Amino acid sequence: MRSFFPILILIGALLFSPTAFSDIIITEVAPSGGGGFTEDWVELQNIGTVAQDLTGWALGNLNPDGFPESRRFDFPGITVDVNQRVVIHFSYGISDTVINDNNPGYWDLYVNGNEDDLPIEFETIVIYNDSDTIVDAVIYQLASSSYCDSDVNTLEDLGEWIRFPSEEQEDENIYFDPFVKYSQGYGIRRISRVDSNTSLDWTPVAKDQMTPGGDNLSTLIGDKFEISQNFPNPYIPSEYPVTKIKLTVSEAVSIKLKIYDLNGALIKIMLDNETLQPGQYLFTWDGKNDKGREVQSGTFLIMATDGSETKIKKMTILR
């Protein structure tokens, strides 16, 4: 199966160094309205550590081959502060780009044109930055729909930015994960703040339970820090240059982040008691120890600790 998924798109990764970043992600999608709005809408949130100017950014979609197709909506020159939300409404004839106007606390934007309504059956939602790079995306499909062929079902839990099928099968359709199924009368909501971009990060939610502009993610961090499962896992160095790890910090804390083998031997130091401010931090590992030598196949432990609390994830390397 591994040969079918050779392409991993790594966005903004810096090798072995923690990086504070601005990260605009999609948090809710309402293909048939919800949360008090009759029109369709998409919600975004800045989960990064710095404010983000959206000048030149756009909401778009992918064509049937899984490649960028169109820019549905070009963002006005607004700046989204840390943890701030943006709701894009597909409502004809309305224009409102003023924060704290109709809906205090979040940007309230409108797409002018009823032809741009979100389809219910199947759609790709893609965010492009000012370099036309995809920074986040989600594909949804009505559970009762047979719009896509059965191959799409294999995408459901695979991971981040996987192209399917392989380049050798270019005559077939190509899709991107995450791929989320939902039911009529529902929308979809992101339930993971670490943005690992799998279908497990999303859940269907009834229309009357949707919360456009609400901070759905702030309650997901209960501890001082959380460590996400590395991706890809298993990590196959011959197919992927690095595996990546995200660390989410809810308050200033000194962190040690290290990789051990199952015998307790230290393999790699990623952080050594460094103080991190609230936000998300991205680390990547190329499967080499602190001496620059490749480690062998096996199971390893990713361990993060602040001295009083320790979080551990298991990681597998296959060579």
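Let me start with asparagine 273, whose place is in strand β19, and which has a positive phi of about 60° although it is not a glycine. Please keep in mind throughout that this is a predicted model. Most residues other than glycine have a negative phi, and most peptide bonds are trans. As for its surroundings, asparagine 273 counts as partly exposed, because its relative accessibility is 47%, and that class covers values from 20% up to 50%.

Now to the sheet that contains this strand. Four strands form an open sheet, and reading across it you meet β19, then β18, then β21 and then β22, with antiparallel pairing. At the edges are β19, residues 266–276, and β22, residues 310–317, each of which pairs on one side only. If you ignore direction, neighbouring strands of this sheet are turned against each other by 15° on average. What joins β19 to β18? The link consists of 7 bridges, with β18 spanning residues 253–261 and the two strands running antiparallel; as one example, valine 253 has leucine 276 in β19 as its bridge partner. Strands of a sheet pair through backbone hydrogen bonds, either parallel or antiparallel.

Staying with backbone geometry for a moment, there is another asparagine to look at, namely asparagine 83, where phi is near 75°, again a positive value in a residue other than glycine. Asparagine 83 lies in a loop, the one between β6 (79–80) and β7 (85–90), and it counts as partly exposed because its relative accessibility is 23%, above the 20% limit for buried residues. A further backbone feature is the peptide bond from asparagine 233 to proline 234, which is cis, with omega near 5°; proline 234 itself lies in the loop between β16 (225–227) and β17 (243–249).

Let me turn to the N-terminal part of the chain and strand β1. How many of the residues in β1 are buried? Strand β1, residues 24–30, is mostly covered, with 7 of its 7 residues buried. This strand pairs with β2, residues 40–46, in the antiparallel sense over 6 bridges, and within that pairing glutamate 28 has glutamate 43 in β2 as its bridge partner. There is also a connection to β14, residues 186–190, which is joined to β1 by 2 bridges and runs antiparallel to it; here valine 29 stands opposite isoleucine 188.

Finally, the aromatic side chains, of which the structure holds 3 pairs. One of them brings together phenylalanine 73 and phenylalanine 75, whose ring centres are 5.4 Å apart; their planes stand at 75°, and angles over 60 degrees count as edge-to-face, so this pair is edge-to-face. Phenylalanine 73 counts as buried at 10% relative accessibility, and phenylalanine 75 is buried as well, with a relative accessible area of 6%. Another pair joins tryptophan 285 and phenylalanine 300, with centres 6.3 Å apart and planes at 70°, so it too is edge-to-face. That pair links distant parts of the chain, since tryptophan 285 sits in strand β20 (residues 279–285) and phenylalanine 300 in strand β21 (residues 298–305), 15 residues apart. Both tryptophan 285 and phenylalanine 300 are buried.

One last ring deserves a look: which residue lies over the face of phenylalanine 225? The residue in question is lysine 311, at 4.9 Å from the ring centre.

Definitions and conventions. Residues are numbered from 1 along each chain as its sequence is written. This is a predicted model: local features need pLDDT of at least 70, side-chain atom pairs count only at pLDDT 80 or more; totals for chains, interfaces and linings use all residues. Side-chain values use heavy atoms; hydrogens and water are left out. Two strands pair if DSSP finds at least two bridges between them. Axes are lines fitted to C-alpha atoms, for helices over the stretch in contact, and angles run from 0 to 180 degrees between N-to-C directions. Rings of Phe, Tyr and Trp (its six-membered ring) pair if their centres lie within 6.5 Å; planes under 30 degrees apart count as stacked, over 60 as edge-to-face and the rest as tilted. Buried means under 20% relative accessible area, exposed over 50%, partly exposed in between (1.4 Å probe, protein chains only). A charge sits over a ring if NZ of Lys or CZ of Arg is within 6 Å of the ring centre and within 35 degrees of the ring normal.
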